[in-house]
Amino acid sequence: MKIELNDLHFSYPGKKILHGINLNIKDRKITCIIGPNGSGKSTLVKCLNRLLVPNTGTVLLDGRNLATFTRMDIALNIGYVPQSANLLFTETVFDTVIMGRCPHSSWQYNEEDIDVTASVLSHLNLEDIAFQQFNHLSG
């Protein structure tokens, strides 16, 4: 999956947050967004999954404008767990990650869902915390 941001702008009422952001995230790469508190990192991520709609600019996912995606299209392609969710989730890390499979298989998980989840956790070197409670992890 390739993500492209082209001249992205976003403002909250009375406060400009994102100004002409251009970004290309290549397929199969782990990308980190870093910066000081209040610099727009969370706002940018929320624009990437259409929780917020940019004032101007485009977000492309594999060349397709995210503005044309349905909520299901987004759910099938993008997973998002905000940091504040750790107060709500009492499930394990594994259970939290497997929830991302719901758009692909509903709430009835099968062997493929379990295998995909295990593979993702392994790829991210998270096997050691897979069965810890999600809400006990540091933000």
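## Exercises: strands, salt bridges and odd phi angles

Strands β1 (residues 3-12) and β2 run antiparallel and are joined by seven bridges. Strands and helices here are DSSP runs (E, at least two residues, for strands; H or I, at least four, for helices), numbered from the N terminus. Two strands pair if DSSP finds at least two bridges between them.

Before you start: this is a predicted model, where local features need pLDDT of at least 70 and side-chain atom pairs pLDDT 80 or more, while totals for chains, interfaces and linings use all residues. Residues count from 1 along each chain as its sequence is written, and side-chain values use heavy atoms, with hydrogens and water left out.

**Exercise 1.** Work out the strand order of the open sheet, and find its edge strands.

*Solution.*
- Step 1: Trace the four strands; the order is β2-β1-β3-β4, with antiparallel pairing.
- Step 2: Look for strands that pair on one side only; these edge strands are β2 (15-25) and β4 (64-65).
- Step 3: Check the register of β1 against β2: L8 has I21 as its bridge partner in β2, and S11 has K16.
- Step 4: Go to the hairpin of β1 and β2, which has two residues between the strands; there G14 takes a positive phi near 80 degrees.
- Step 5: Add the helix: α1 (residues 41-48) lies across β1, β2 and β3 (56-61), and runs at about 120 degrees to β1. Contact means heavy atoms within 4.5 Å. Axes are lines fitted to C-alpha atoms, for helices over the stretch in contact, and angles run from 0 to 180 degrees between N-to-C directions.

**Exercise 2.** Find the three salt bridges, and say whether D113 and R101 are buried or exposed.

*Solution.*
- Step 1: Set the cut-off: a side-chain nitrogen of Lys or Arg within 4 Å of a carboxyl oxygen of Asp or Glu.
- Step 2: Start with K2 and E4, whose side chains meet at 3.9 Å, N to O. K2 is partly exposed, at 35% relative accessible area. (Buried is under 20%, exposed over 50%, partly exposed in between, with a 1.4 Å probe and protein chains only.)
- Step 3: Move to R64 and D73, with their closest N and O atoms 3.1 Å apart. R64 is partly exposed too, at 36%.
- Step 4: Finish with R101 and D113, at 2.9 Å, N to O. D113 sits in helix α5 (residues 111-123) and R101 in the loop between α3 (93-98) and α4 (102-105), so this pair ties together parts that are twelve residues apart in sequence.
- Step 5: Read the accessibilities: D113 is buried at 1%, and R101 is buried at 14%.

**Exercise 3.** Which residues other than glycine take a positive phi near 50 degrees?

*Solution.*
- Step 1: Recall the background: most residues other than glycine have a negative phi.
- Step 2: Pick out D7, with phi near 50 degrees. D7 lies in strand β1 and is partly exposed at 43%.
- Step 3: Pick out D62, also with phi near 50 degrees. D62 is in the loop between β3 and β4, and is exposed at 52%.

**Exercise 4.** What does T92 touch, leaving aside its neighbours within four places in sequence?

*Solution.*
- Step 1: Place T92 in the loop between α2 (71-77) and α3.
- Step 2: Note that T92 is buried, at 17% relative accessibility.
- Step 3: List the contacts: A130, F131, Q132, Q133 and F134.
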